[in-house]
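Reader: Before we begin, could you show me the sequence and the structure, and then let me ask about them step by step?

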Amino acid sequence: MHALEKILARHAEKDVVTTGEIIKAKVDLAEVNDLYLQTIYSFYEMGGKKVWDKNKLCFVFDHYAPAPTIKTAQIHKEMREFVQENNLTHHFDINTGVCHQVMHEAGLVYPGMILVATDSHTTTHGAFGAFGTGVGATDMATIMISGELWFRVPEIVEIKINGKPEPGVMAKDVILHILGKLGADACVYKAIEFCGTYIDDLDVAERMVICNMAVEMGAKTAYMVPNQKILDYIRTRTNKEFEIYDTDEDFVYAENYVFDINNLSPQIAVPHSVDNVVSIDQLPEVRIDQAFIGACTGGRLEDIQAAAEILRGQKINPHTRLIIIPASNEVLLNAIKFGFIEDLIKAGATLSTPGCGPCLGAHQGVIAEGENCVTASNRNFPGRMGSTGGSIYLASPATTAASALMGKLTDPRTFLKGENV
Amino acid sequence: MRKIKGNAFIFGHNIDTDQIIPGRYLELVNPKEIAAHCMEGADPTFANRVNSGDIIVAGKNFGCGSSREHAPIALVNAGVGAVIADSFARIFYRNAVNLGLPLLICKGIMEKVNEGDVLEINLKEGKVSNISTGKSFNGEQLSEYALEILGSGGIKPLFKKITAEM
Ligand code: SF4
């Protein structure tokens, strides 16, 4: 069996599970974000009274943090009341950050667990060796009652990534490259294991970027064998006991792909789909009105650092705005401590409070019709970040910063000259 | 579990939720009104021709695209008895079973069935019989829990039963 199958089997109290089988598994952590007030309504509609375990359900207010409208303020209010009524141990209000950052910062994510959230990018937690997946409101309400969810045991695809990209080429470029090659429907309802020499040694933040965007290929979940960097990180956050499951040597993957990224150039997903990917050097000049560094894909300390290193002592182009939204308050505090925020603000950036920001077009820097936005976030379909008449270019934080500096899509390697990002 | 028997309607690969229920109908809330536009994006005559219990046969990745729960709502309320396909998009699959719409994965089913053939499905065994040709095929067997959800008419009725006993 694969490690993911062993995780499912253990949580279903079975010895063996097989592909295609539907099992009922216990959930270790369920997370509801502030788009999903509906889960509370469905919970009561189905006869729910108290949640199954007050330590295993958490709410994260990130999509509308802080509330931009009266309607969203009302959503927060009703959800807060539910949190209090059920006396939930973990609650992340508007002063924390994006769900896929604050949960592992709080020590709630560990190898071998099942984490279910009302958010498709829950695949992110595969970086920690967890089984993370997204569900809708009805499914989540049933977990809140029973602590269990039914799962179809997925086919598992192996994506091996070998090599080491040059400075200025980031994990975001690697996953965009793979998405461009395999397509947005390559792994529908399947699980992806990422492995290879690149992944073996990759640090925590970059592993999360790769797993985060696995869902853009349709994947149900993503998985990486936890490396030492991951284990060291988890140990600074929690004392919880956990088990790392091995994949049996005779396990046969549904599909295998191999990528060599030694000579990869920075990649851009051009409008209007995530798999519409080209190397930056193949693009004609693209004027940039707004650049965004943030979200659960590109708002970590390493991302803000990459931008600060390019923009330190510089001024961004006068016709371009650069919005910086750290993924969490902890990231923000560290970015202040290391001086990155000062570098960026002096370069002309606009800072907003941690949360999803304009990633889903709700607030804090949406774009107008006819505008071009380069972004370190993860989706570029029409209207995702504001007007359906705007154009979104997905790129790495380094490319995003270099583009803000020049006012047009720009290869960040020009500014690095061999320094490490 | 009730018997599923009806005429086959054949659709192709990658039938997305926009074809099952076009986006302009998402503001509708009444299930019957939603059902009146079922499959409109792929075949505008479908909603008028379908009879209760009829079966949709399709290829790969049925239900892909945006995750709207309106898609299975339209199919259930139009009277579709089941969907048989090579594969289903994940969130559609979950939504359909939760809403009580039986789905069966049966690879290559499109080549084994003609439009209008009478099909009968034994969900418990994961079997499809083509009454018109006399041939039968094995699909992927559904798990006991999926059968329990489907047998209860969906996850909400099932959970109401469970919470009432709690
Ligand atoms: S940052 Fe964007 S992709 Fe991530 S959870 Fe928020 S809205 Fe979704």
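Author: What follows is a set of questions and answers about aromatic rings, the contact between chains and some backbone angles. This is a predicted model, in which local features need pLDDT of at least 70 and side-chain atom pairs count only at pLDDT 80 or more, while totals for chains, interfaces and linings use all residues. Residues are numbered from 1 along each chain as its sequence is written, chains are lettered from A and ligands numbered from 1 in the order in which they are written, and side-chain values use heavy atoms, with hydrogens and water left out.

Reader: How many aromatic pairs are there over all chains?

Author: Rings of Phe, Tyr and Trp (its six-membered ring) pair if their centres lie within 6.5 Å, and planes under 30 degrees apart count as stacked, those over 60 as edge-to-face and the rest as tilted. By this rule, the count over all chains is 17 aromatic pairs.

Reader: Are the planes of Phe59(A) and Phe82(A) stacked or edge-to-face?

Author: The ring centres of Phe59(A) and Phe82(A) are 5.8 Å apart, with 15 degrees between the planes. Because planes under 30 degrees apart count as stacked, the pair of Phe59(A) and Phe82(A) is stacked.

Reader: Is Phe59(A) buried or exposed?

Author: Buried means under 20% relative accessible area, exposed means over 50%, and partly exposed lies in between (1.4 Å probe, protein chains only). Phe59(A) has a relative accessible area of 0%, so Phe59(A) is buried.

Reader: Which residue of chain B forms an aromatic pair with Tyr189(A)?

Author: This pair is edge-to-face, with 5.7 Å centre to centre and 90 degrees between the planes. Tyr189(A) counts as buried at 3% relative accessibility, and the partner in chain B is also buried, at 3%. The partner of Tyr189(A) is Tyr93(B).

Reader: Which ring has the charged end of Arg94(B) over it?

Author: A charge sits over a ring if NZ of Lys or CZ of Arg is within 6 Å of the ring centre and within 35 degrees of the ring normal. The charged end of Arg94(B) is 4.2 Å from the centre of the ring in question, and that ring belongs to Trp150(A).

Reader: What area do chain A and chain B bury between them?

Author: Contact means heavy atoms within 4.5 Å, and the contact takes 25 residues from chain A and 22 residues from chain B. Buried area is the accessible area (1.4 Å probe) that two parts lose on being put together, summed over both. With 58% of it on carbon and sulfur atoms, the area is about 2200 Å².

Reader: Which residue of chain B meets Arg152(A) in a salt bridge?

Author: A salt bridge is a side-chain nitrogen of Lys or Arg within 4 Å of a carboxyl oxygen of Asp or Glu, and the count between chain A and chain B is 3 salt bridges. In one of them, at 3.7 Å from N to O, the side chain of Arg152(A) meets that of Glu140(B).

Reader: What is omega of the cis peptide bond that joins Pro271(A) and His272(A)?

Author: Most peptide bonds are trans, and most residues other than glycine have a negative phi. The bond that joins Pro271(A) and His272(A) is cis, and its omega is about 0 degrees.

Reader: What is phi of Met39(B)?

Author: Met39(B) is buried, with a relative accessible area of 0%. Although Met39(B) is not a glycine, its phi is positive, at about 65 degrees.
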